[in-house]
Amino acid sequence: MSGPIRAAGLIVLGAACAVATAAGQGRPTGTGYAVARGPRTLDTSRSAATGTVAGVYALSRGAVVRGYLSSWGLPPVAGDFTVTDNGLVFRSSKGRVSAPAATLSLAYIDPENGRPHYLFRIDSGVFETDAPGPLLDVVRHQVWLSSSRPTSGGTGRLLEANGPAASLESAREIGRSAYADSLYSLFGRPRARLGVVGSRGRSAGRLGEYIASRDSLALDPGHMTGEAQLRHALAHELGHRWQARARAQLAALWTGVPGIRDPKRYGYGDRPEHQAEAIAFAVNFLQTTAEEDAAPESSLALLDHYELLVPGTRTLVRYLLLQPLYRRHPLRPMLSTSRVRYALEK
Ligand SMILES: [Zn+2]
């Protein structure tokens, strides 16, 4: 993780690809992983509602809401939102603190497993909780949450200042990392050397591309906000490599997996992109929970929240746990089932 990202907390990044259907030589036949540069929801006119804000905060200041924050399409992180004088501040269970949230709305309620899960949109992400408490009041009053404008609202280009050469070097660096080696052992290593997304892909907003005809993978670190997005993009694009080589196997694994519920999440209504996101989520989950001292119960609970946002993650986690890379993973005895083994052998 780079310093700025660690400091900013959870941050980060938009995940969105654009599907390229062009079949011409040298053009992406897979898809690109791209940043979502969606409309800002920040409404400065709400600053006039200061009186209401004060009223709401007087009631709920200091209240803590526990849940999971998924910023810019990345996997959810457990933590607490606290209502402060400046707005809602998220602190992850690992102690990372976000900037105060400036916007909040209730997206939908998901009755997963017979319990309502509340999905709030909050700045550039979603926050999921089954005990929303004061957040419902805050939403109801449509208040201006933060006295300070968000400073990393979404275009997020912390690495961009380093220039194109640094972008290529960043791509090559992650390509040489132990993390990349882990991914290669799962999905294979592209034949071509890892490169940067070309001007056409960049103008389409892509942060990554996998070109199946050339077995080549490119990233655009220059437009990413940090390492979390870079790692996600690499896993996502290598997921496309796996799709291109194991269509039947993935189809067997994917049986019964419902679509993504959130229309704003990348991969909604698009199975290949949904699968690539689930692959990246599964890899992230396995890396996150690989430490021996992590309590299996909390790891399994965390997986439920990945699954809620990107269905199919659990199935892929079970599959990946059977690979040699994860033979010593603490969750392997609990999650590798005979049903998945059977699907793999088909
Ligand atoms: Zn993609």
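These are my notebook entries on a sheet, a covered helix and two nonpolar cores in a predicted model.

**Entry 1, the sheet.** I started with the strand order and read S5-S4-S3-S8-S7-S6, six strands in an open, antiparallel sheet. At the edges I found S5 (87-92) and S6 (104-110), each paired on one side only. I then looked up the twist: neighbouring strands are turned by 35 degrees against each other on average, ignoring direction.

**Entry 2, one strand pair.** I picked S7 (residues 117-122) and S8 (residues 125-129), which pair in the antiparallel sense over five bridges. Within this pair, I see Leu-119 opposite Glu-128 in S8.

**Entry 3, a helix on the sheet.** Which strands does H3 touch? I listed S3 (64-71), S4 (77-84), S6 and S7 for this helix of residues 134-141, whose direction makes about 125 degrees with that of S6.

**Entry 4, helix H11.** Next I checked burial in H11 (residues 313-321), and nine of its nine residues are buried. Among them are Arg-314, Arg-318 and Tyr-319. I also followed Leu-320 beyond its sequence neighbours up to four places away: it touches Leu-186, Ala-282, Leu-286 and Tyr-326.

**Entry 5, the cores.** Nonpolar side chains tend to be buried together in soluble globular proteins, so I looked for such groups here. The largest nonpolar core has 46 residues, and Leu-219, Ile-279, Ala-282, Leu-316, Val-317 and Leu-320 touch the most other members. Elements giving two or more residues include H5 (178-187), H7 (227-245), H10 (296-309) and H11. H9 gives the most, with nine residues. I noted a second, separate core of 19 residues too, including Leu-69, Leu-104, Leu-135 and Val-138.

Methods:
Residues are numbered from 1 along each chain as its sequence is written. This is a predicted model: local features need pLDDT of at least 70, side-chain atom pairs count only at pLDDT 80 or more; totals for chains, interfaces and linings use all residues. Two strands pair if DSSP finds at least two bridges between them. Axes are lines fitted to C-alpha atoms, for helices over the stretch in contact, and angles run from 0 to 180 degrees between N-to-C directions. Two residues are in contact if their C-beta atoms, placed from the backbone, lie within 7 Å. A residue is buried if 20 or more other C-beta atoms lie within 10 Å of its own, exposed if 12 or fewer, and partly exposed in between; C-beta atoms are placed from the backbone. A nonpolar core is a set of buried Ala, Val, Leu, Ile, Met, Phe, Trp, Tyr and Cys residues joined through C-beta atoms within 7 Å.
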